[in-house]
Amino acid sequence: MGRIFRDIAIGILAIAVLAAVPHLIPGKAFQDFVIRCSSMALFATSLNLLVGYTGLSSFGHGLFFGLGTYSFALLMQRTGISLPMAFIATLLINAVTAVAVGAICIRLRLIYFAFVTLAMQMLMHSIIISWVGLTGGDQGLQGGIPRRVVAGIDLGNQYNLYIFAAVVLVIGLLIMRHIVNTSFGTSLRMIRDNEARASFLGIVVWRVKLTVFVLSAVFASVGGIVMSLFVSGAYPELINWPISGDAIFAIVMGGVGSFLGPTVGTMILLLLNDVVTRQTEYYGLALGIIILAFALGLRRGLLDFITERLGGRPAGGIS
Amino acid sequence: MDLDALLGCVTSSSCLVTQTTSGLIVGMLLFMVAAGLTLIFGVLKIVNFAHGTFYMLGAYIAYSAFMFTGSYVLGVLAGGLGMAIFGVIFERVLISRVYGANVLMQLLICYAVVLICDDLVKIVWGPDFYAMGMPPAFQVPPLFIAGGVVPPFYIMLIVVALAIGGALSLLLGLTRIGKIIRAAAHNPNMVSALGINTTLLYSLVFAVGGMLAGLAGGLAAPVRSLTPGMGFSILIESFIVTVIGGMGSIGGALIAAVVLGLIRSFGTIGFPLFTEGLMYIAMIIILVFKPSGLFGKEIV
């Protein structure tokens with residue numbers, strides 16, 4: 001129990017610090033950064049439940065991030081339900097979709113799993129692009145998100161949205177942290193390390209895999225909801241393949257063996273994005289060289305590297 | 001969705017011929033890229049996510065060599081040779097460091113190479129579209145087959161691609177080096193223990209894979225516009241081809257590539273906005289019923 005209270009205390013502290021920062025640093029840039037970070041970090045950490053903890057390399061996790069943005073934005077625009085209801089309904093839509101997609105994908109091995117998840121994402125992307133009447137096609141869902149006032153707090157206000165994003169991120173991370181520390185989390189790691197042994201010990205492998213697939217989809221869609229509020233709508237880029245690439249990039253850069261690795265990786269990615277695009281028009285060239293330096297130099301994520309240097313337990317996951 | 005148009009096309013012989021040939025050339029280009037991809041995967045168990053970049057660089061090199069020498073044949077050969085060399089360098093400098101590493105690490109390194117090469121192309125050739133135009137030898141009136149328009153270049157492209165595919169099968173099936181490659185795909189440690197230099201073999205496989213993609217790029221240059229990033233869509237499609245055909249199977253790649261090319265060319269008539277969706281559906285259906293692909297071995 002001690003661990004849970006410690007984690008919650010750290011979470012509350014983080015929110016308090018974040019709430020104070022805009023009073024010290026004026027300007028919207030930092031708040032924008034934190035909102036985007038919160039959205040992507042939730043998404044990347046949810047992917048790491050699959051990649052780092054269960055050993056399922058999904059290339060198409062962006063399906064659930066993008067579906068989160070589209071279902072939330074559509075529910076807010078097309079129905080009269082309140083924001084919290086739309087939030088919950090979005091999670092349900094994603095959970096149901098994840099059961100269907102997961103049932104097809106999880107029985108495939110390694111590289112086939114990776115490709116079919118990517119194909120599923122691209123299929124959803126094609127559906128969204130071609131269903132112009134519902135989704136606005138390649139123009140995206142414009143027209144903004146109405147009814148943003150929840151319990152007297154207006155999420156249309158930048159600072160309020162910033163606090164909301166920070167709180168959602170901290171709560172999301174705490175829940176995922178708790179999940180990987182339960183016996184269910186132990187089952188995940190056992191499946192990753194030796195699926196046959198896990199099966200002999202009585203773990204119903206497909207059920208555990210499907211459960212974690214659905215859970216990670218739900219958390220990815222929470223990231224999508226934050227993004228939808230930030231961009232006031234939903235756009236095809238948010239469900240296209242590079243969004244999955246960004247999440248993979250974030251978890252490999254940050255470290256798959258550390259719980260906060262994907263969050264750190266997201267910050268690295270977004271910082272690189274902001275700094276490099278300001279300095280040069282050759283963003284890909286600069287980013288590519290940095291990736292190579294990381295991948296071939298450290299050979300593991302930043303946080304895993306630091307943990308190992310500090311003499312911590314050897315990181316699992318990617319090897 | 002426009003099923004009437006699709007029905008109209010299938011029942012008219014001119015449209016049928018035109019769409020079939022354009023589907024076939026898409027299929028043949030896909031086959032050449034996918035054959036290299038599947039060969040590299042079969043032997044090295046590496047998924048080369050940078051393979052589309054090989055194709056793009058091959059097309060650009062062929063374009064420049066054509067402009068310099070005025071000979072289309074030399075242009076295509078330069079594309080193939082350039083990418084064979086590039087493939088070896090790529091394998092030695094980068095990929096050889098991540099053999100046996102997690103597929104995500106391989107993905108990340110290839111992704112970096114894709115980003116770097118796309119920008120290098122922008123720096124060297126500029127960000128604009130290039131059109132190579134038909135080589136002079138093919139600036140002749142098209143053939144009319146059953147009312148359908150068939151440019152002679154298309155026929156040449158199909159014949160050359162099939163010849164290259166045939167040569168590759170003969171190389172793998174009949175020669176000593178082909179036997180070694182197939183043996184290495186099966187059990188690299190045993191091949192190495194028998195005194196064969198597998199390091200050299202791996203570079204050779206990358207050279208062949210790179211060459212195929214480079215040749216495909218050169219062959220595609222007259223009928224495709226050249227642009228940085230042109231490698232991506234063919235990468236995704238050739239992955240679909242290798243997965244449907246079965247990873248490691250060259251024959252499977254040929255059949256899957258032709259099927260995909262036809263889905264593309266007829267799909268643009270019947271389902272203009274959903275053509276890509278059709279390809280993904282085909283891939284998902286096949287993998288659900290036969291997880292190793294049409295001609296793949298059971299567990300790879």
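A crossing of two helices is right-handed if the near helix is turned clockwise from the far one by less than a right angle, and left-handed if anticlockwise. In this predicted model, α4(A) passes α5(A) in just such a right-handed crossing. Chain A also meets chain B, with 41 residues of chain A in contact with 42 residues of chain B. The points below take the helix pairs, the interface and the salt bridges in turn.

**Helix pair in chain A**

- Helix α4 of chain A covers residues 83-105, and its axis comes within 10 Å of the axis of α5(A).
- The two axes cross at roughly 145°.
- From α4(A), the contact takes Thr97(A), Val101(A), Ile104(A) and Cys105(A).
- From α5(A), the contact takes Phe113(A), Val116(A), Thr117(A), Met120(A) and Met124(A).
- By class, the contact of α4(A) with α5(A) has seven nonpolar residues, two polar and no charged.

**Interface of chain A and chain B**

- The two chains bury about 3800 Å² between them.
- Carbon and sulfur atoms carry 82% of that buried area.
- Zero salt bridges are found across the interface of chain A and chain B.
- Four residue pairs are in polar contact across the interface, both residues at pLDDT 80 or more.
- Three elements of chain A give two or more residues to the side that touches chain B: α5 (110-130), α11 (241-254) and α13 (283-298).
- The largest share of that side, twelve residues, comes from α5(A).
- The side of chain A that touches chain B holds 30 nonpolar, six polar and five charged residues.
- Helix α5(A) thus appears in two settings: it contacts α4(A), and it gives residues to the side that touches chain B.

**Helix pair in chain B**

- Helix α11 (residues 250-270) and helix α12 (residues 275-289) of chain B have axes that come within 9 Å.
- Their axes cross at roughly 145°, and the crossing is right-handed.
- On the α11(B) side, the residues are Leu260(B), Ile263(B), Arg264(B), Gly267(B) and Thr268(B).
- They meet Thr275(B), Leu278(B), Met279(B) and Ala282(B) in α12(B).
- The residues of this contact divide into five nonpolar, three polar and one charged.

**Salt bridges**

- Over all chains, the whole structure has eight salt bridges.
- One salt bridge joins Glu195(A) and Lys209(A), with the closest N and O atoms 3.3 Å apart.
- This pair links distant parts of the chain, 14 residues apart.
- Glu195(A) lies in helix α9 (residues 195-200) of chain A, and Lys209(A) lies in helix α10 (residues 205-231) of chain A.

Conventions: Residues are numbered from 1 along each chain as its sequence is written. Chains are lettered from A and ligands numbered from 1 in the order in which they are written. This is a predicted model: local features need pLDDT of at least 70, side-chain atom pairs count only at pLDDT 80 or more; totals for chains, interfaces and linings use all residues. Side-chain values use heavy atoms; hydrogens and water are left out. Axes are lines fitted to C-alpha atoms, for helices over the stretch in contact, and angles run from 0 to 180 degrees between N-to-C directions. Helices (H or I, at least four residues) and strands (E, at least two) are DSSP runs, numbered from the N terminus. Contact means heavy atoms within 4.5 Å. Ala, Val, Leu, Ile, Met, Phe, Trp, Tyr, Cys and Pro count as nonpolar, Asp, Glu, Lys and Arg as charged, and the others, Gly among them, as polar. Buried area is the accessible area (1.4 Å probe) that two parts lose on being put together, summed over both. A salt bridge is a side-chain nitrogen of Lys or Arg within 4 Å of a carboxyl oxygen of Asp or Glu. A polar contact is a pair of N or O atoms within 3.5 Å; within protein, one must be able to donate a hydrogen and the other to accept it, and residues adjacent in sequence count only if both atoms are side-chain atoms.
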